[in-house]
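Me: Here is a structure that is new to me. Please explain where the descriptions of it come from, one step at a time.

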Amino acid sequence: MSTPVANTDTGSEPTPKASRAGRNLPAAIAVGCALGFGLIAILLFAPYVWIGVVAIAMVVATLEVGARLREGGYVIPMVPLLVGGQATIWLTWPFGAAGALGGFGGTVLVCLIWRLLAHGLKTAPTNYLRDVSVTVFLTAWIPLFGAFGVLLIYPEDGWARVFCMLLAVVFSDVGGYAAGVLFGKHPMVPAISPKKSWEGFVGSLIGGVTAAVLAVTFLLEQPAWVGIPLGIFLVITGTLGDLVESQVKRDLGIKDMGTMLPGHGGLMDRIDSILPSAAATWIVLAVLA
């Protein structure tokens, strides 16, 4: 844990020193614990509230990323993207995966038309292909992946399925952080994320697979071996999700997507690994459990 380092100027306040992994560790731990306890309470006592939590999170994340993209010069049709994103989430309630697919397809279609006609019928749009490509990517990256997280809650043991995902992702993150700080010497992808190391990835595998095996065994009451592919997939998708966001931020020339969560940045900076992991969890458990 880092300790405050006082400024040598008279009358100045101590400034928190970032950890080796680039985080304000005390703030990150406090925010992470608060979010964790809140989600545990929801999943145990009111599991269907999870749908609303995901829906709100998708709005916030879309606004964060959309704002950064607009600052970078992209023209994003935010109204249909936000409305369609909510449709993608909530249509899973009556229609399951088909509802998510329909919501996604409808959102993409409306966004394509919206951007085409943004300046009226007599003016041809500029950078149309660039903007709609980014919009389709954003639609899949946030609300569609979020819909898979919602799909996990509908089975009778849905609360346990969500727990399996969250526990594996959290312990993968913790294992990777600890191993990276203590032993990290060999950069994994220095051109994208200089702080990620192969030692940290091994720590992620140990933490994520162990958590997945225990969660599958004691929460889902499934054979322990089911947790092995689940844990491996979640570590891979979580790591890649983090790298994807890192590359997006590198392209945009920014450090964080937002400032909502002290020690983490924006909400998207916290859920970048959870979103693709939700899709991976749904696929693995649909096949094996």
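**Cavity and helix packing**

Reply: This is a predicted model. In it, α2 (49-71) and α3 (78-90) each supply at least two residues of the lining of the largest cavity.

Me: What makes a space count as a cavity here?

Reply: A 1.4 Å probe must fit there but be unable to get out. With a minimum of 30 Å³, the count comes to one cavity. The largest cavity holds about 30 Å³ of space.

Me: Which residues line the largest cavity?

Reply: Its lining is made up of Met 58, Val 59, Thr 62, Leu 81, Leu 82, Gly 85, Gln 86 and Pro 143. Helix α3 gives the largest share of that lining, four residues.

Me: How many residues of that lining are nonpolar, polar and charged?

Reply: Five are nonpolar, three are polar and none is charged. Gly 85 belongs to the lining, and Gly is placed with the polar residues by the rule used.

Me: Why is α7 called roughly antiparallel to α8?

Reply: Helix α7 (residues 158-183) and helix α8 (residues 198-218) pack at about 150°, and their axes lie 6 Å apart. Angles over 145 degrees count as roughly antiparallel, so α7 is roughly antiparallel to α8. The crossing of these two helices is right-handed.

Me: Which residues make the contact between α7 and α8?

Reply: On α7 they include Cys 164, Leu 167, Phe 171, Gly 175, Gly 176 and Phe 183. On α8 they include Glu 199, Gly 203, Gly 207, Ala 211 and Val 216. By class, the contact has ten nonpolar residues, nine polar and one charged. Glu counts as charged, and Glu 199 is in the contact.

Me: Why is α7 called oblique to α9?

Reply: Helix α9 (residues 227-252) packs against α7 at about 60°, with the axes 9 Å apart. Angles under 35 degrees count as roughly parallel and 65 to 115 as roughly perpendicular; about 60° falls in neither range, so α7 is oblique to α9. This crossing is right-handed.

Me: Where do α7 and α9 meet?

Reply: Cys 164, Met 165, Ala 168 and Ser 172 of α7 meet Leu 230, Leu 234 and Val 235 of α9. Six residues of this contact are nonpolar, one is polar and none is charged.

Definitions and conventions:
Residues are numbered from 1 along each chain as its sequence is written. This is a predicted model: local features need pLDDT of at least 70, side-chain atom pairs count only at pLDDT 80 or more; totals for chains, interfaces and linings use all residues. Side-chain values use heavy atoms; hydrogens and water are left out. Axes are lines fitted to C-alpha atoms, for helices over the stretch in contact, and angles run from 0 to 180 degrees between N-to-C directions. A crossing is left-handed if the near helix is turned anticlockwise from the far one by less than a right angle, and right-handed if clockwise. Contact means heavy atoms within 4.5 Å. On a 1 Å grid over the protein atoms alone, a cavity is a set of points where a 1.4 Å probe fits but cannot get out, and a pocket is an open set with protein on both sides within 12 Å along at least five of seven lines; lining residues have an atom within 4 Å of a point. Grid points are joined across faces, edges and corners, and a volume is the space filled by probe spheres set on the points.
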